[in-house]
Amino acid sequence: MKQSMFLALMLFLISLCSITGTVYASDGWLWVRGSLHTHTTNSDGDSPPEAVADWYKENGYQFLVITDHETVTDVASLDKDPNDNFVVISGEEVAMPGEGAPIHANAIGITHTIKSPKRTFMAGRSVRRLVDLIRGAGGIPMVNHPNWYWALNHRDLLHIQGPYLLEVFNMGSDNRNAGDYAHISTEQMWDILLSEGQEVYATATDDMHLLKKGAGNPDGPACGWVVARVRELTPTAIMEALARGDFYASNGVEIADYSFDGKEFRIKVVSNGGARPLIRFIGKWGRILQETEGTSAVYRVAPEREKDSYVRCKVIVGKSAAWTQAYRLKGE
Amino acid sequence: MDRKSAIFCIALVFAVLCLPGTSFAQDWIWARGNLHTHTTNSDGNMPPEFVADWYKTHGYQFLVISDHSKYTDVTPLDTDPNDGFVLIGGEELGVRGAKRPIHANAIGISATIPDPTALTRPGKSLKNLVEVIRKAGGIPQVNHPNFGWSLTHREILEIQGPYLMEIANCHPAVNNAGDYAYLPVEQTWDILLSNGRTVYATATDDAHNLNPEKPGGAMPGKGWIYVRVREITPTAILDGIRKGDFYASTGVQLEDFSFNGKEFQVKVIPKSGEKYLIRFVGKWGQILQETDGTSAIYRVKAAHEPNAYVRAKVICTDGTVAWTQAFRL
C-alpha cells in the first residue's frame, strides 16, 4: 500500500469515528427500548403475562416491566431464554387507598409484593410516603399519571425528594397530560420540579391494559416507551440506567445519540423519511433556549446562569416527540 | 361632642377611607363582554337580533359580533341607549389561499374589511393581516393560534404589539392546551411577553351555536373579558381594550387588581363553597408565587432581567379561571 493511500484510509477511519453517535457504539453502548407500565390478567389487563411478554418481544422491545396492580407478577417463567435479546423485569403498581384522587406509583425491579400504604390527609405527604416505601423495598419509584383525576400537582410532588421517575407522558386514554385552564400540563409540571432543583426523570409509558387493541391505540401497547443506554442487556444494567436517568422517553421519535459535556448538548435524530424534525432545547421554567430544524443540532450553553439551571432536549417529528432527561448546568 | 370623641370620629373616617379598595370607590365598573361571536350572517345558527338579546339577558354589558369575512351592522341591534348594553362592530378575517386557518378579529370597525391574500409564510400572512386590520381602524385580535395548528410562537413573533390574542377561545375544536408536538396557547403568550411583545390575553366564546334546543359545540357564556370603564359606551370599552385595561375569564370574577411597580394586589369575588388559588407568573412562565385564598399580594424582587413582567392567574376549584394582563417590571 502506498503511503498516501494509507493516510487517506486512516483519515477515513478517523472521520467515521467522529460522527456523532458512533462514539458510543464503538464504546459498546446499546440503546434498548422498554415498557415501564404494563398490566396483565393478574390485575385488570386483558391478556395473560405470557402473551404480553411475547408481544413486546416480537414488536421491537428489548425489555419489559410488568406492573400489575397490587401484585408482583412472577417474571422468571416469562424470561426463559437468556439469549433472546429480551429481558423481563418485575414490578408492581402500588396505590394508596383512602379518600381523594388516586395516587399510584410503580415499584420497578421489586420481587415481593408491596402492601398498599394508607394515605394521609395531604396528597403530597402521601406520595412521599409511597415513594419511600418503594425505595425501602429496593424498587425504583415512578410516580404515575399525576394529572389522572388531577391527583397530584407540582406542589404535591415537591414533597418528594429526588431522584425519582415521573410518568410525564402516560399514554393511557384518560391521562390529561395536556392539562386544562385550571391545571398545568404534565410537561410544565416536570419543568417546575426541575427548576426547583429536583432530580426527576421523565418517562413515557403505555399503561397497557388492552393488548388486543393493538399497537398505538390508547390503553394498548407501543404508545409510549423509554430507550435506555446500557452496556449489556441484563435487568441489572437496565435498572442501573433507569436509576441514573440514562434514558429518554418517546412516543414515536427515535434518537440516534445525544451527549452533554457541560458546554455543548449534541443530538442526532433517526430520520423516518417523513416530517422534518424540530429539535428544541429547553431550560429553566420551560424556557425555549433554541430551536433547530433538521436531524441534528448542537446547543452551546450560555456563560451566565442561575441556580438550578438545566438543559433538556425535545425532538418533535409530526405529532410525535422524544424527550431527553435534563442535564444540570454547573454554577459559575 | 367632647374633643376625645371628635378625634376618634376623625380617625374612624380616615380608617374607612384607607381600607383597601375604597379608594377606587365606584367611579368605574367592570364591563363584561364577548369579543368573538357568529350569527347567521356567517356560520352561526341564530340571527344577529337573537344573539344580541342572548348576551344582553345573560349578564353582559357589551358584545362584539365578528362574522367571518363580513361586517354585521350592529346599529339596528342597539336600539336602547339606556339599557346598559352596547354592541360593537367587528369581523373575523381570514387569509385567502392560506394552507391553514389564519384568523384575526377586527374589533370596532364599521364596514367589511376584505380578507387579504396569503403571502409566502404563515408569519408574513399574519403580520399583513394584523396591519390590514389596524389600517382600517380596528383593534386586532389573533384568534385561536392552535386551531388547525396554524400559528406557532415563531410565527406570532413576527407581529409587533400591542395586539390581543385569544388564549382561551372556548370553541371545543381549537386545541388551547396543545399536545405532545405543540405548545399550550398560554405558554405561547408567555414566550411572546418574554420577547418584549405587548400582547393582551383574551377569553372568548367564538360562539356559533345559540340554538337552545340543540346544545353542544361552540356555545355562548364560556369565555369573556371584563373591561374597566367609566361608562358603558363603545368608545369607553374600545379605549379600555386598546390599552389592555381588562382581564380574561372563564368564570372567575375579580373585585380588583392593581400593580404599582412594587406590589401586585389581587382580590377575588368568591363564589360560595369554592376555593381559590392565586398564581403570579413571570418571564418564560415561571411561577413566582402561589397563594391559596381570595386575595394575594406579590412583592417584586429587586433585580430582574430585561422584558421581565408579572401577571396573575386565579384558579377556582370549580375549574374556572381568570387571567390578568402582564405588567412590565
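Colleague: Which residue in strand E6(A) stands opposite A:Met142?
Modeller: This is a predicted model, in which local features need pLDDT (the predictor's confidence in each residue, from 0 to 100) of at least 70, side-chain atom pairs count only at pLDDT 80 or more, and totals for chains, interfaces and linings use all residues. Residues are numbered from 1 along each chain as its sequence is written; chains are lettered from A and ligands numbered from 1 in the order in which they are written. Strands E5 (residues 140-143) and E6 (residues 164-170) of chain A (strands are DSSP runs of E, at least two residues, and helices runs of H or I, at least four, numbered from the N terminus) pair in the parallel sense over two bridges. The residue in E6(A) that stands opposite A:Met142 is A:Leu165.

Colleague: In which sense do E4(A) and E5(A) pair?
Modeller: In E5(A), A:Met142 has A:Asn106 opposite. E4(A), residues 104-108, is joined to E5(A) by four bridges (pairing requires at least two found by DSSP), and the sense is antiparallel.

Colleague: Are the residues on the two faces of E5(A) buried or exposed?
Modeller: One side carries A:Ile140 and A:Met142, and the other A:Pro141 and A:Val143. Both faces of E5(A) are covered, and these four residues are all buried (20 or more other C-beta atoms within 10 Å of a residue's own, placed from the backbone; 12 or fewer is exposed, and in between is partly exposed).

Colleague: Which strands of chain A do the buried residues of H3(A) pack against?
Modeller: Helix H3 of chain A spans residues 49-58, and its buried residues include A:Val52, A:Trp55 and A:Tyr56. Just after this helix, A:Gly60 takes a positive phi of about 85°. The strands against which the buried residues of H3(A) pack are E1 (30-35), E2 (63-69) and E3 (87-95).

Colleague: Why does A:Trp31 count as buried, and how far in space is A:Leu233 from A:Trp31?
Modeller: A:Trp31 belongs to strand E1 of chain A, and it counts as buried because it has 20 C-beta neighbours inside 10 Å. Beyond four places in sequence, A:Trp31 touches A:Val227 and A:Arg229 (contact means C-beta atoms within 7 Å, placed from the backbone). A:Leu233 is 202 residues from A:Trp31 in sequence, and the C-alpha to C-alpha separation in space is 9.4 Å.

Colleague: Which residues have the most contacts inside the largest nonpolar core?
Modeller: In soluble globular proteins, nonpolar side chains tend to be buried together. A:Val315 touches, among others, A:Val253, A:Ile279 and A:Ala322, not counting residues up to four places away in sequence. The largest nonpolar core (buried Ala, Val, Leu, Ile, Met, Phe, Trp, Tyr and Cys residues joined through C-beta atoms within 7 Å) has 95 residues, and those with the most contacts inside it are A:Ile238 and A:Val315.

Colleague: Which element supplies the largest share of the side of domain 1 of chain A that touches domain 2 of chain A?
Modeller: Chain A is assigned domain 1 (29-251) and domain 2 (253-332), with centres 24 Å apart over C-alpha atoms. The contact takes 13 residues from domain 1 and 15 residues from domain 2. H6 (186-195), E7 (200-205) and E9 (247-250) of chain A each supply at least two residues of the domain 1 side. The largest share, four residues, comes from H6(A).

Colleague: How many residues does each chain give to the contact between chain A and chain B?
Modeller: The model scores ipTM 0.89 and pTM 0.91. For the contact between the chains, chain A and chain B each give 17 residues.

Note on methods:
Contact = placed C-beta atoms within 7 Å. Domains from an automatic or database assignment.
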